[in-house]
Amino acid sequence: MTTSEEFRPAPIVEETARLLTENYVFPEVAEQLAELLRRRLAEGGYDVDSAEELGRLVTADLQSVNADRHLRLKYHAIQVPPEQGAAALAGMRRDFDASLGGVPKLELLDGGPAVLTLAPTLFPLEWAAEPVGAALTLVSRARALIIDLRANLGGDPETVAFICSHLFDERTHLNTMHWRENERREQSWTLPYVPGPRYGADKPLYILTSSRTFSGAEELTYDLQQLGRAVVVGERTGGGAHPREGWTVHPHLEATIPVGRAVNPVSGTNWEGSGILPDVLCPASEALDRARVLAEKALAEQPPA
């Protein structure tokens, strides 16, 4: 908790408004929101004495126009570094070490399906390639695969492409990012090489989702669903399709601002705001059982080897 003598909301709000207008993927919305923040500041709406409370109030205002859940003034209980992006990386590093590199569970079920849990996030590829690649090599031998993203809150688009590369046989266009900076377009494709055998394009694949499945985990789900590669089982996802950057505006506050938007080559759109509707809609708690039944049925229908 920061005392009122030490804590000054005005420069934090002003810096957040500046970053918003310079970087948010939708410039017109950025101008509206910056005006809103400055008006609320002048009205005394941010006269609080803690970083946590300011973060809560500003985030509510930032999300009031277009409900962009990536757009936040995020509070960090642990003091964060000042460099751009460092706040998110510091938190992810702690989660990476505590989750076996984002692969907390891998299980082979009776009947043949393997279950690969990826959580709490899809970490940057330079970290995740080794643990995720090892897990995908193991499950490449499975007769059917269930990827559990019910507790996955997002992650790196490069890691999404890396995972998808194990699930197709041919190079496949997955997504296109439209960045605000220089109006740049960047296509995402599966990789021509993976470090180990592929699970491939032909065996049954299921993705488990919940209402908490978000951001990069949604991209993985959406890419595979739109391309007809996976059956999605569970709950409608959270609805965050805008990749974001983070700027430290106070030792405990990070302005997280989307700087691009995803456009799928099949649908021509994305899952922002709407989330992803599963092919098999059911409570998240029932998703694994439902996917297991589907996988066992698919395997039973396959002709003998």
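**Close-up views of a predicted model**

**View 1. Helix α7 and the turn that follows.** In this predicted model, glycine 228, which comes just after helix α7, takes a positive phi of about 70°. The helix itself spans residues 216-226 and is mostly covered, since 10 of its 11 residues are buried. Among these buried residues are Gly216, Glu218, Leu220, Tyr222 and Leu224. The elements against which the buried residues of α7 pack are one helix, α6 (157-165), together with the strands β5 (173-179), β7 (205-209) and β8 (231-234).

**View 2. The largest nonpolar core.** This core holds 47 residues, and those that touch the most other members are Leu118, Leu145, Ile147, Ile163, Leu167, Leu220 and Leu224. Two or more residues come from each of the elements β3 (113-117), α5 (125-139), β4 (144-148), α6, β7, α7, β8 and α8 (287-300), and the greatest contribution, seven residues, is that of α5. Apart from this core lies another, of 37 residues, which includes Leu57, Val58, Met177 and Ala241. To follow one member of the largest core more closely, leucine 145 can be traced to Ala114, Leu116, Val139, Leu167, Tyr199, Pro204, Leu205 and Tyr206, which it touches when residues up to four places away in sequence are not counted.

**View 3. Valine 233 in strand β8.** Valine 233 is found in strand β8 and counts as buried because its relative accessibility is 0%, where the limit for buried is under 20%. Leaving out residues up to four places away in sequence, valine 233 touches Ile207, Leu208, Thr209, Pro278, Val280, Cys282, Ala287, Arg290, Ala291 and Leu294. Glutamate 286 is 53 residues apart from valine 233 along the chain, and the C-alpha atoms of these two residues are separated by 9.1 Å.

**View 4. Glutamate 235 in the loop after β8.** The loop between β8 and β9 (244-250) contains glutamate 235, which counts as partly exposed because its relative accessibility is 24%, and partly exposed covers the values between 20% and 50%. Its contacts, leaving aside neighbours within four places in sequence, are Thr209, Ser210, Ser211, Ile276, Pro278, Leu281, Cys282, Pro283 and Ala284. One of these residues, alanine 284, has its backbone nitrogen 3.0 Å from a polar atom of the glutamate 235 side chain. For isoleucine 276, which is 41 residues apart from glutamate 235 along the chain, the separation between the two C-alpha atoms is 8.4 Å.

**View 5. Glutamate 254 in strand β10.** Strand β10 (residues 253-258) includes glutamate 254, a residue that is buried, with a relative accessible area of 0%. The side chain of glutamate 254 is joined to the side chain of arginine 244 by a polar contact of 3.0 Å. When residues up to four places away in sequence are not counted, glutamate 254 touches Arg72, Leu73, Lys74, His76, Ala87, Ala88, Arg244, Gly246, Trp247 and Thr248.

**View 6. Helices α1 and α2.** Helix α1 (residues 9-23) and helix α2 (residues 27-42) pack with their axes 8 Å apart and at an angle of about 170°; an angle over 145 degrees counts as roughly antiparallel, and therefore this is how the two helices are described. On the α1 side, the contact includes Ala10, Val13, Ala17 and Leu20, while on the α2 side it includes Ala30, Leu33, Leu37 and Leu41. Sorted by character, the residues of this contact comprise nine nonpolar, two polar and four charged.

How values were computed:
Residues are numbered from 1 along each chain as its sequence is written. This is a predicted model: local features need pLDDT of at least 70, side-chain atom pairs count only at pLDDT 80 or more; totals for chains, interfaces and linings use all residues. Side-chain values use heavy atoms; hydrogens and water are left out. Buried means under 20% relative accessible area, exposed over 50%, partly exposed in between (1.4 Å probe, protein chains only). Helices (H or I, at least four residues) and strands (E, at least two) are DSSP runs, numbered from the N terminus. Contact means heavy atoms within 4.5 Å. A polar contact is a pair of N or O atoms within 3.5 Å; within protein, one must be able to donate a hydrogen and the other to accept it, and residues adjacent in sequence count only if both atoms are side-chain atoms. A nonpolar core is a set of buried Ala, Val, Leu, Ile, Met, Phe, Trp, Tyr and Cys residues joined through side-chain atoms within 4.5 Å. Axes are lines fitted to C-alpha atoms, for helices over the stretch in contact, and angles run from 0 to 180 degrees between N-to-C directions. Angles under 35 degrees count as roughly parallel, over 145 as roughly antiparallel, 65 to 115 as roughly perpendicular and the rest as oblique. Ala, Val, Leu, Ile, Met, Phe, Trp, Tyr, Cys and Pro count as nonpolar, Asp, Glu, Lys and Arg as charged, and the others, Gly among them, as polar.
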